[in-house]
Amino acid sequence: MARQQERARRTRAALVESAAIEFAKRGYAAASVNTILEGSNATKGAMYFHFQSKEELARAVLQSGVEQFTALTDRWTSRTDIGPFEALHGFVIDLAKLFHSSVIVRAEFRLIVEPEFYPDVRSVGSQVWGRTAHEFAIRAQRDGSLRADADPEKFTRVLAASLAGQRYMSDMTALEGDLGARFVESLEVILEAMASLEWLEKFARDGWPDFTSELPDS
């Protein structure tokens, strides 16, 4: 029984991974079930044992992406050894690395703009990292790093929209440069407008601290 369960788990994981590759490349509507099956080495019967439809398989990819985002955000929000903006800086760099290293995450980001998944927009990965940015903004407000008259909600909205825009533009126009650098660029522009004078003076003097990635070793 345990061997059968492990085989079923591996088959399901292979289907999700293969589907992510196809969705990331072609989007939902153009994705081919046959190509997904070929990439996973699974039979059609095995696929329909785990997933009743291509849409259900896509939702499994979305959920897997959310889980990866959540694991990363949990690692960074648990950091208490650095300030909130410093932690947010490390987080956005790791977020860019995750987009590069995980086809699941790239597929999740591609799927959420498909009409079939508009109703899911409030529960997808961008909401996870948006909540993380908001938590850091609240912490910064408490410790005086955010300007006293700055709105954490506005900080979050503008940063989340900027990061999403940078990500989409990197796909659409093949922009040169590292995505992490572009994410940091977005963060720095917003901090210039909303961080406290004391924080900005310290940043001008010291810059960003070195950090260790919170992504697990691949």
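What percentage of the 218 residues in the chain is made up of buried residues? The share is 44%. The model is predicted, and every value here is computed from it.

Start with the overall picture. The chain has 10 helices and 0 strands. Read from the N terminus, its elements run α-α-α-α-α-α-α-α-α-α. Along the principal axes, the C-alpha atoms fill a box of roughly 60 × 40 × 30 Å. The chain exposes about 11800 Å². Carbon and sulfur atoms supply 51% of that area. Now take the contacts between residues at least 6 apart in sequence: 69% of these join residues at least 24 apart.

Next come the helix pairs. Two packed helices are described by the angle between their axes and the distance between the axes.

Begin at helix 1, which spans residues 2-30. One partner is helix 2, residues 33-40. The two axes come within 8 Å and cross at roughly 130 degrees. That angle makes helix 1 oblique to helix 2. The crossing of helix 1 and helix 2 is right-handed. Helix 1 brings Ala14, Leu15, Ser18, Ala19, Glu22 and Phe23 to the contact. Helix 2 answers with Thr35, Ile36, Leu37, Gly39 and Ser40. By class, the contact of helix 1 with helix 2 holds 6 nonpolar, 4 polar and 1 charged residues.

Just past helix 2, look at Asn41. Asn41 sits in the loop between helix 2 and helix 3 (44-50). Its phi is near 60 degrees, a positive value in a residue other than glycine. Is Asn41 buried or exposed? Asn41 has 73% relative accessibility, so it counts as exposed.

Return to helix 1 for another partner, helix 4, residues 54-77. The axes of helix 1 and helix 4 come within 9 Å and cross at roughly 100 degrees. Helix 1 is therefore roughly perpendicular to helix 4. From helix 1, the contact takes Arg12, Leu15, Val16, Ala19, Ala20, Phe23, Tyr28 and Ala29. From helix 4 come Lys54, Glu55, Leu57, Ala58, Ala60, Val61 and Ser64. The contact of helix 1 with helix 4 counts 11 nonpolar, 1 polar and 3 charged residues. Leu15, Ala19 and Phe23 of helix 1 appear in the contact with helix 2 and again in the contact with helix 4.

Stay in helix 4 and move along to Leu72. Leu72 has 3% relative accessibility, so it counts as buried. Which residues does Leu72 touch, not counting those up to four places away in sequence? They are Phe91, Asp94, Leu95, Leu98, Glu214 and Leu215. Phe51 lies 21 residues from Leu72 along the chain, and their C-alpha atoms are separated by 27 Å.

One of the residues touched by Leu72, Leu95, leads on to helix 5. Helix 5 covers residues 84-101, and helix 9 covers residues 179-194. Their axes come within 8 Å and cross at roughly 150 degrees. That makes helix 5 roughly antiparallel to helix 9. The crossing of helix 5 and helix 9 is right-handed. Helix 5 supplies Phe85, Leu88, His89, Val92, Ile93, Leu95, Ala96 and Phe99. Helix 9 supplies Leu179, Gly180, Phe183, Val184, Leu187 and Leu191. This contact of helix 5 with helix 9 has 12 nonpolar, 2 polar and no charged residues.

Helix 6 follows, at residues 103-111. Helix 6 is mostly covered, with 7 of its 9 residues buried. Those buried are Val103, Ile104, Val105, Ala107, Glu108, Phe109 and Leu111.

Finish in helix 8, residues 152-173, which holds Thr156. Thr156 has a relative accessible area of 10%, so it is buried. Apart from its neighbours within four places in sequence, Thr156 is in contact with Gly130, Ala133 and His134. Ala161 is found in helix 8 as well. Is Ala161 buried or exposed? Ala161 counts as exposed, at 51% relative accessibility. The cut-off for exposed is over 50%. Gly130, a contact of Thr156, also gives a reference point for Ala161. Ala161 and Gly130 are 31 residues apart in sequence, and 9.1 Å apart in space from C-alpha to C-alpha.

How values were computed: Residues are numbered from 1 along each chain as its sequence is written. This is a predicted model: local features need pLDDT of at least 70, side-chain atom pairs count only at pLDDT 80 or more; totals for chains, interfaces and linings use all residues. Side-chain values use heavy atoms; hydrogens and water are left out. Axes are lines fitted to C-alpha atoms, for helices over the stretch in contact, and angles run from 0 to 180 degrees between N-to-C directions. Helices (H or I, at least four residues) and strands (E, at least two) are DSSP runs, numbered from the N terminus. Angles under 35 degrees count as roughly parallel, over 145 as roughly antiparallel, 65 to 115 as roughly perpendicular and the rest as oblique. A crossing is left-handed if the near helix is turned anticlockwise from the far one by less than a right angle, and right-handed if clockwise. Contact means heavy atoms within 4.5 Å. Ala, Val, Leu, Ile, Met, Phe, Trp, Tyr, Cys and Pro count as nonpolar, Asp, Glu, Lys and Arg as charged, and the others, Gly among them, as polar. Buried means under 20% relative accessible area, exposed over 50%, partly exposed in between (1.4 Å probe, protein chains only). Accessible areas come from the Shrake-Rupley method with a 1.4 Å probe; for residues, only the protein chains shown count as cover.
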